Amino acid sequence: MSDLKVENSKVPAEKIKNPKLVEAIEKMQADGSKENIDAMITEVVKARFILPANVKQIPNAHTQNGQTVMGQSTQVQFRLLENNQTKQKFFGVFTDIDEMNKWNGTVGSHKVVTDFDSLAGMVMDPKSNTEGFVINAFGKSVTFPKPMVISIKQQFDYMRREKNTIANGAQVKVGEPEEYPIDLMAALINHLSTEPQVNAAFLRMIEQDGKKGYFIVVDFIGDMNSTFEGIADAAKPYIDDDDALTLMPFTMEFARNAVKGIEPFYRKTEEE
């Protein structure tokens with residue numbers, strides 16, 4: 001069981017249907033082309049799922065106006081799937097009630113309606129002790145291991161950012177900095193050493209339509225906006241303007257290609 005919190009939708013579980021996702025899964029399983037895999041992932045990110053859980057009312061006490069007041073809090077524990085061979089645990093989510101009812105013992109369970117963003121947050125939470133999630137585990141199932149969840153989450157978060165740092169159609173060149181920015185790097189290393197979610201960071205120069213700036217590729221787990229905002233704030237005193245800094249997650253193909261063979265300027269140590 002897992003008692004992590006999840007954002008619960010107001011939509012009743014009985015109304016959850018995912019015909020487009022089910023169709024995309026079947027098509028991908030019949031023909032595992034990149035096009036079909038990408039189409040399925042797009043539907044997964046848009047879908048709402050049913051997540052079975054046990055709900056308990058836990059008595060508690062608190063002080064109010066100098067008096068002890070008894071109350072209750074709600075504890076939600078999510079049922080987990082376990083791989084018989086590896087003993088790894090996964091969240092089990094379902095596209096509809098019929099698929100959920102294939103899991104013995106879930107008929108009377110509380111039905112939490114959730115989405116990909118919430119699931120990704122739960123999978124990435126160190127307290128969850130899970131290795132991903134499985135869709136329709138007792139039907140035409142698809143498993144999303146943690147590295148894949150992180151990659152999908154970061155790529156879609158990047159594309160949904162209000163300020164996309166690389167303009168569509170821009171002429172882009174990536175290379176080495178003309179001069180190594182020692183003060184900027186020192187500030188960033190100092191900041192990143194306080195961010196346990198960041199594993200590594202790489203520095204390159206990027207030129208978009210003739211305008212040059214610093215390009216930092218970040219290998220991290222967690223919230224993109226807070227991670228990137230922290231890096232941007234640390235860099236701000238050392239760059240001319242906000243447009244002179246481009247940030248991108250390592251999970252993006254463009255980013256991985258840009259730093260291929262390049263040593264990171266920052267790498268988290270075991271002590272951190």
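**Exercise 1. The surroundings of I50**

Task: Leaving aside its neighbours within four places in sequence, list the residues with which I50 is in contact, and then decide whether I50 is buried or exposed.

Solution. Once the neighbours within four places in sequence are set aside, I50 is in contact with A13, I16, G92, V93, F94, D96, I97, M100, K111 and V112. These contacts are read from a predicted model, as is everything that follows. The next step is to place the residue, and I50 belongs to strand β1, which covers residues 48–64. One of the contacts can then be followed through the backbone: V93 is 43 residues away from I50 along the chain, while the C-alpha atoms of the two are separated by 5.5 Å. The last step is the accessibility, and because the relative accessible area of I50 is 0%, where buried means under 20%, I50 is buried.

**Exercise 2. The chain as a whole**

Task: State how many helices and strands the chain has, what share of its residues is buried, and what percentage of the contacts between residues at least 6 apart in sequence join residues at least 24 apart.

Solution. Counting the elements gives eight helices and twelve strands. Turning to burial, 43% of the 272 residues in the chain are buried. For the contacts, the set to consider is that between residues at least 6 apart in sequence, and within this set 69% join residues at least 24 apart.

**Exercise 3. Two helices and a pocket**

Task: Determine how α2 and α5 pack against each other, name the residues that make the contact, and then find which element gives the most to the lining of the second largest pocket.

Solution. Two packed helices are described by the angle between their axes and by the distance between those axes. Here α2 and α5 pack at an angle of about 75°, and their axes are 12 Å apart. Since angles of 65 to 115 degrees count as roughly perpendicular, α2 is therefore roughly perpendicular to α5. From α2 the contact draws on I41, T42 and V45, and from α5 on M148, I152, F156 and R160. Sorted by class, the contact of α2 with α5 has five nonpolar residues, one polar and one charged.

The pocket is taken next. The second largest pocket holds about 260 Å³ of space, and its lining consists of K34, D38, I41, T42, M148, S151, I152, Q155, F156, T251 and E253. The elements that give two or more residues to this lining are α2 (34–46) and α5 (146–160), and α5 gives the most, with five residues. By class, the lining of the second largest pocket divides into four nonpolar, four polar and three charged residues. Comparing the two lists, I41, T42, M148, I152 and F156 appear both in the contact of α2 with α5 and in the lining of the pocket.

**Exercise 4. Two asparagines with positive phi**

Task: For N129 and N136, give the phi angle, locate each residue in its loop, and decide whether each is buried or exposed.

Solution. N129 has a positive phi of about 55° although it is not a glycine, and N136, also not a glycine, has a positive phi of about 50°. N129 lies in the loop between α4 (116–124) and β6 (132–135), whereas N136 lies in the loop between β6 and β7 (142–145). For the accessibility, N129 is exposed because its relative accessibility is 59% and exposed means over 50%; N136, with a relative accessible area of 4%, is buried.

**Exercise 5. A pair of helix residues**

Task: Place L192 and A232 in their helices, and assign each an accessibility class.

Solution. L192 is in helix α6, residues 182–192, and at 2% relative accessibility L192 counts as buried. Leaving aside neighbours within four places in sequence, L192 is in contact with V198, A201, I231, F265 and Y266. L192 and R267 lie 75 residues apart in sequence, and their C-alpha atoms are 8.9 Å apart in space. A232 is in helix α7, residues 224–235, and because its relative accessibility is 29%, A232 counts as partly exposed. A232 and T246 are 14 residues apart in sequence and 9.1 Å apart in space, C-alpha to C-alpha.

Key: Residues numbered from 1 in each chain as written. Predicted model: local features only at pLDDT ≥ 70, side-chain atom pairs only at ≥ 80, totals over all residues. Heavy atoms only, no water. 1 Å grid on protein atoms, 1.4 Å probe; cavity = no way out; pocket = protein on both sides within 12 Å on 5 of 7 lines; lining within 4 Å. Points joined across faces, edges and corners; volume = space filled by probe spheres on them. Helix = DSSP H or I, 4+ residues; strand = E, 2+ residues; numbered from the N terminus. Nonpolar A, V, L, I, M, F, W, Y, C, P; charged D, E, K, R; others polar. Buried < 20%, exposed > 50% of the residue type's maximum accessible area, 1.4 Å probe, protein only. Contact = heavy atoms within 4.5 Å. Axes fitted to C-alpha atoms, helices over the stretch in contact; angles between N-to-C directions. Parallel < 35°, antiparallel > 145°, perpendicular 65-115°, else oblique.
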